[in-house]
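Colleague: Could you take a close look at one part of this model and walk me through the surroundings of one residue and the sheet beside it?

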Amino acid sequence: MTTTDDDTERCEPPERRGRLDRRHFLEAAAAGVAGIAVGAVAGCDSADRAPSRTGVGADPTTDPTTDPTADATAERARPGSPDWRIRSVGPPDAVEGYTDTVSVEPGEEFGLYVSTTAPGLRVAAYRIGWYGGAQARLVWRSGRVAGRVQSGPRMVTYTDTVRADWERTLAVRTDGWPEGAYLLRLDAENGHQRYVPLIVRSASAAGRTVLMHAPATWQAYNLWGGYSLYEGENGAYGTRSLAVSFDRPYDKNGAEKFLVYERAAVVLAERLGIPLAYTTGVDVHLTPSVLRDATAVVSLGHDEYWTPEQRRHVTRARDAGTNLAFLGANTCYRRIRLEQDGGTGPVRTVVCFKDDYRNDPYLVEHRTMVTTDFRAPPAADPESSLTGVLYEGFPVDAPYVVHGADHWIFEGTGAKRGDSFDHLVGVEYDRVTPGQPTPSPLEIVAHSPLVCAGRDSHADSAYYTVPGGAGVFASGTMRWVEGLMAGTGENGRNHGMDARTGAFVTRTTENVLRAFAAGPAGRTRPAPRDNVRSVYGHAATESQERLPPGA
């Protein structure tokens, strides 16, 4: 049974950080869809990745001698593979797998770890894109690989971290694989299938728009083995993991968070034909040079878990003139650490103690790295200084209401002030929050009234600029990327959003991506009209902390 937003009556304020119900709610809302490395490698252009290994023979469908950075226009013109979708997930142990890295550069090798009850399987690598509407292309297919049932979950007791620690099934070289977001589909001989997500990342993003995927957030919600950062034994919050490992499969179809909150934005960006680069939050943490001279960085639909290093590197890119687009809500809310913890690669564990931060071993000597919410002590640094908006709560289902209809972001939508789009605000929302650090000048372009468990509030879309020329847009709703699929039949019912909403979100996102791809929007587009005081009235008092741009 598909669970909708209306199935819960709770509205959790941000002060309550033990969010078991929130985790359950987000999973249900998506159910309708098919040694410490941080101290050693943070801030470095590290080459400390998994060494090359001997690969298993395969049948690539792309010429391995092809330059992996081949012309993106030619790649986009290739015929797609409409059969990329899973037909049968089957029971949890039918087939499942994970990689030993969240990303590789073209030509690098990764290990794939698979457990299946079938005697054999094949692996197909699909690159996500437009491809004339097929939305993916088969880039590589393995030969037959013998199947085996691997061991059950293994627990690291201090942090209740679940790992699989399986034997490697095969090594895969990515010669000839273009940069992009990939779904590895495991096709077992028992007729069942699952995905394993992988990003083939860009070494440089100069002159390109960076799509920044969020594997740390995927992993935070991953309940494989019965534990996530939200729940543990018997589904209790108090027994949750304090750290989660990439060395295990993702639950459900293997790529749910990517499919719901990221895929549609990738497809749209590819269709527009703007120069693109691909990376992950983990890679921005490790290798900040990937953002150097990028025209824009796009944070996708649910990008909650950031390291302080990732935040610092994105902020520096903004201040150097790189535009930022936040297409979700609840972005950069949790402060995490990335650690090795004996896994398969240099950074394989996401640490987040949340409200148990007093047990975090970093509390005494590294207070700025204690893993609680960014806005919380002992090193409070609210996310609004970067995003312009502040996460406020969940769950909510409300219309999105246009405020600044003449803003360039809404060009061509036909929207007028006060026009609304049902169900677009949800399931979590952000707002401009007087009294919290807020860049200036900032313009509220959508101001959407809502009620959450009897509490009146608003969700805001906002736009601001900094002296270096960068423009920053935040949608203020977690459903923005889902809205790209509204009325298409993709992703189930999309919370009841209709084709009119889908057309509005698509055109608005096209406007943002095209403008941001052209260079610093603060130099080419009209300046924001600072309207926080006029929108919020008394709340925007002189005591409100307004940051100078770029602070």
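Modeller: In this predicted model, Thr161 has a relative accessible area of 0%, and because buried means under 20%, Thr161 counts as buried. Thr161 belongs to strand β9, which covers residues 161–163. The side chain of Thr161 takes part in a polar contact of 2.6 Å with the side chain of Thr159, and a polar atom of the Thr161 side chain also lies 2.7 Å from the backbone oxygen of Ala243. When residues up to four places away in sequence are left aside, Thr161 touches Arg154, Met155 and Val156, as well as Ser241, Ala243, Val244 and Ser245.

Some of these contacts lead to a sheet, since β14 is made of residues 243–245. The sheet in question is open and has three strands in the order β14-β21-β20, with antiparallel pairing. Strands β14 and β20, the latter spanning residues 337–339, stand at the edges and have a single partner strand each, so one side of each is left without a neighbour in the sheet. Neighbouring strands of this sheet are turned against each other by 25 degrees on average, with direction ignored.

As for the pairing of β14 itself, β14 runs antiparallel to β21, which holds residues 349–351, and three bridges join the two strands. Within this pairing, Ser245 stands opposite Thr349 of β21, and Ser245 is also one of the residues that Thr161 touches.

Methods: Residues are numbered from 1 along each chain as its sequence is written. This is a predicted model: local features need pLDDT of at least 70, side-chain atom pairs count only at pLDDT 80 or more; totals for chains, interfaces and linings use all residues. Side-chain values use heavy atoms; hydrogens and water are left out. Two strands pair if DSSP finds at least two bridges between them. Helices (H or I, at least four residues) and strands (E, at least two) are DSSP runs, numbered from the N terminus. Axes are lines fitted to C-alpha atoms, for helices over the stretch in contact, and angles run from 0 to 180 degrees between N-to-C directions. Buried means under 20% relative accessible area, exposed over 50%, partly exposed in between (1.4 Å probe, protein chains only). A polar contact is a pair of N or O atoms within 3.5 Å; within protein, one must be able to donate a hydrogen and the other to accept it, and residues adjacent in sequence count only if both atoms are side-chain atoms. Contact means heavy atoms within 4.5 Å.
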